[in-house]
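Hi everyone, thanks for coming. I'd like to walk you through one structure today, so please have a look at it first.

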Amino acid sequence: SQGMPAQSVKDFENYIARMRAVPRVFDEQIAVMREGLRKGITPPRVTLKGVEKTVEIQIVDEATKSAFWSHLERIPDVVPANDRARLQSEGKKVILESVVPAYRRFAKFLLEEYLPGCRETLAAGDLPQGQEYYRYLIRQYTTLPGQTAEAIHQLGLSEMKKIRTEMEAVIREVDFKGSFAEFLTFLRTDPRFYAKTADELIKEGSYIAKQMDGKLPMLIKTLPRKPYTVVPVPAHLAPKYTAGRAAGSPKDSPEPSYYWLNTYALDTRPLYNLEALTFHEAAPGHLIQGALAEEQENLPNFRRYSYISAYGEGWGLYSEWLGLEAGFYKDPYSNFGRLTYQAWRACRLVVDTGVHALGWSRQQVMDYLAQNTALSLHEVETETDRYISWPGQALSYYTGFLKIRELRAKAEHALGPAFDRREFHDAVLLVGAVPLPVLEKRIDRYIAEVKARQQTAP
């Protein structure tokens, strides 16, 4: 419910109406999933281990224990007291009579029908017409023509070699005596790298985010009006959720946007990754990018509100790299965290194509991630299952990152002293969500505009 309008009686009546629709939505989803079982189009069973817990946590005996209650608990004072009491009473009734039974039916379907019927294979290529499907996904998630699984796999291996050289330089800088694998074990196990409480992790992430906020005017010329805050990942999602995520809110909503940090299993949330994670998800990454796109009222809505992964995730990874220009990663362990995150995205080129086109096993994917990054082993497992169950999406990050870096180098070379990174970043961000070839055309136009401005200047 975060990000939903919450200022008027009508806003909360709309929310209750949505809760009433939960049973219909679940029944429709069950029908689609049954059709998937019939056709053999399901996620691999191994990636769904424990997924029923995120459903069962919503089966409660008191409405106030439901995650759906939190929105009704914070009805603001602008709503008259009698309406507030009516809405909360009605909301409790809907939670217990509509929402909870829907979750109970869905949990039963999952455990008795869906999970036992899911496929044992892993690859997208093993689905009906799987080879063609994976080729389609490569084009969808990279937005580039002519990309093959084999070429992407080799690109990932090549990039990993470059990043590994930088990582080993950091290990020498901190004077660690031991192998690369031993250094990763040291990072994963030394208590100094982990927050002791959820509040500590949230506060550290908030501090990093605020420090970067102060650097944004030197990086981006046009900044969004929408602010954001830092909160934990909701408890019912956290066990199988990623380390952090951007959760935007509508432009006209009184709610802020949210930078979610996962405080579940704190010993798997290393602080040395926190700068890179924050720059990717919050600022100058997704929360800045998404708010700016939405605020461009001159763009068609499909550019303001859609999400093209190669563009969006490319900007997210590029934002991590921008932290260097903004003066972050002073601590060598944090810089190793940045390199771990870059390696993680290069690894995705290797493991996504490996598992979906080249016959890799789940264990091969986990071993490759564990041996080449300082990700926690818990995150290695959750990320592996993500790539297996979401074929192709993992290819978008590094593809978009390389393209934005390429376009920046092109602009710097073409414009020389006239290059202004703030204007370049505006050219990237104010275009809205676009495929990478369209972004390249936009940067070509930006270069031409700057040159024309130079020629007409007195």
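**A walk from one arginine outwards**

Let me start with Arg345: setting aside its neighbours within four places in sequence, Arg345 is in contact with His280, Leu317, Glu320, Tyr397 and Tyr398. Before I go further, please keep in mind that this is a predicted model. Arg345 belongs to helix 14, residues 332-357. Is this arginine buried or exposed? Its relative accessibility is 3%, under the 20% cut-off, so Arg345 counts as buried.

Some of those partners lead us to our next stop, the packing of helices. In general, two packed helices are described by the angle between their axes and the distance between the axes. Let's do that for three pairs.

First up, helix 13 with helix 17. Helix 13 covers residues 309-325, and its axis comes within 7 Å of the axis of helix 17, with a crossing angle of roughly 60°. The crossing of helix 13 and helix 17 is right-handed. Which residues make the contact? On the helix 13 side you can find Ser309, Ala310, Glu313, Gly314, Trp315, Leu317, Tyr318, Trp321, Leu322 and Glu325. Helix 17 brings Ser396, Tyr397, Tyr398, Gly400, Phe401, Ile404, Arg405 and Arg408. Sorted by class, this contact of helix 13 with helix 17 holds 10 nonpolar, four polar and four charged residues. You will recognise Leu317 of helix 13 and Tyr397 and Tyr398 of helix 17 in that list, and Arg345 touches each of these residues.

Now helix 13 with helix 18. Here the axes are 12 Å apart and the packing angle is about 165°. That angle is over 145 degrees, so helix 13 and helix 18 are roughly antiparallel to each other. This time the crossing, helix 13 past helix 18, is left-handed. Tyr311, Trp315, Tyr318, Leu322 and Glu325 of helix 13 make the contact with Arg421, Phe424, His425, Val428 and Leu429 of helix 18. By class, the contact of helix 13 with helix 18 splits into seven nonpolar, one polar and two charged residues.

And the third pair: helix 17, residues 396-415, with helix 18, residues 421-429. Their axes come within 11 Å and cross at roughly 135°. Why do we call this pair oblique? An angle of 135° lies outside the parallel, antiparallel and perpendicular ranges, so helix 17 is oblique to helix 18. The handedness of the crossing of helix 17 and helix 18 is right-handed. Ile404, Leu407, Arg408 and Ala411 of helix 17 meet Arg421, Phe424 and His425 of helix 18. The contact of helix 17 with helix 18 has four nonpolar, one polar and two charged residues.

Let's leave the helix pairs and look at helix 11, residues 286-295. How many of its 10 residues are buried? The number is eight, and helix 11 is mostly covered. The buried residues are His286, Leu287, Ile288, Gln289, Ala291, Leu292, Ala293 and Glu294. Just along the chain, Pro284 sits in the loop between helix 10, residues 274-281, and helix 11. Have a look at the backbone there: Ala283 and Pro284 are joined by a cis peptide bond, with omega at about 5°.

While we are on backbone details, two residues other than glycine have a positive phi worth showing you. One is Gln129, with phi near 55°, in the loop between helix 5 (81-117) and helix 6 (130-142). Gln129 is exposed, at a relative accessible area of 66%. The other is Ala265, with phi near 55°, in the loop between strand 3 (257-261) and helix 10. Ala265 is partly exposed, at a relative accessible area of 26%.

Next, a loop residue: Val233, between strand 1 (228-232) and strand 2 (244-247). Val233 has 5% relative accessibility and therefore counts as buried. What does Val233 touch, not counting residues up to four places away in sequence? Its contacts are Ala238, Tyr241, Trp260, Leu261 and Asn262. The C-alpha atoms of Val233 and Ala243, 10 residues apart along the chain, are separated by 8.6 Å.

Last, the cysteines. Cys118 counts as buried at 3% relative accessibility, and Cys347 counts as buried at 0%. The disulfide count comes to zero.

That's my tour; I'm happy to take questions.

Key. Residues numbered from 1 in each chain as written. Predicted model: local features only at pLDDT ≥ 70, side-chain atom pairs only at ≥ 80, totals over all residues. Heavy atoms only, no water. Axes fitted to C-alpha atoms, helices over the stretch in contact; angles between N-to-C directions. Helix = DSSP H or I, 4+ residues; strand = E, 2+ residues; numbered from the N terminus. Parallel < 35°, antiparallel > 145°, perpendicular 65-115°, else oblique. Left-handed = near helix turned anticlockwise from the far one by under 90°. Contact = heavy atoms within 4.5 Å. Nonpolar A, V, L, I, M, F, W, Y, C, P; charged D, E, K, R; others polar. Disulfide = S-S within 2.5 Å. Buried < 20%, exposed > 50% of the residue type's maximum accessible area, 1.4 Å probe, protein only.
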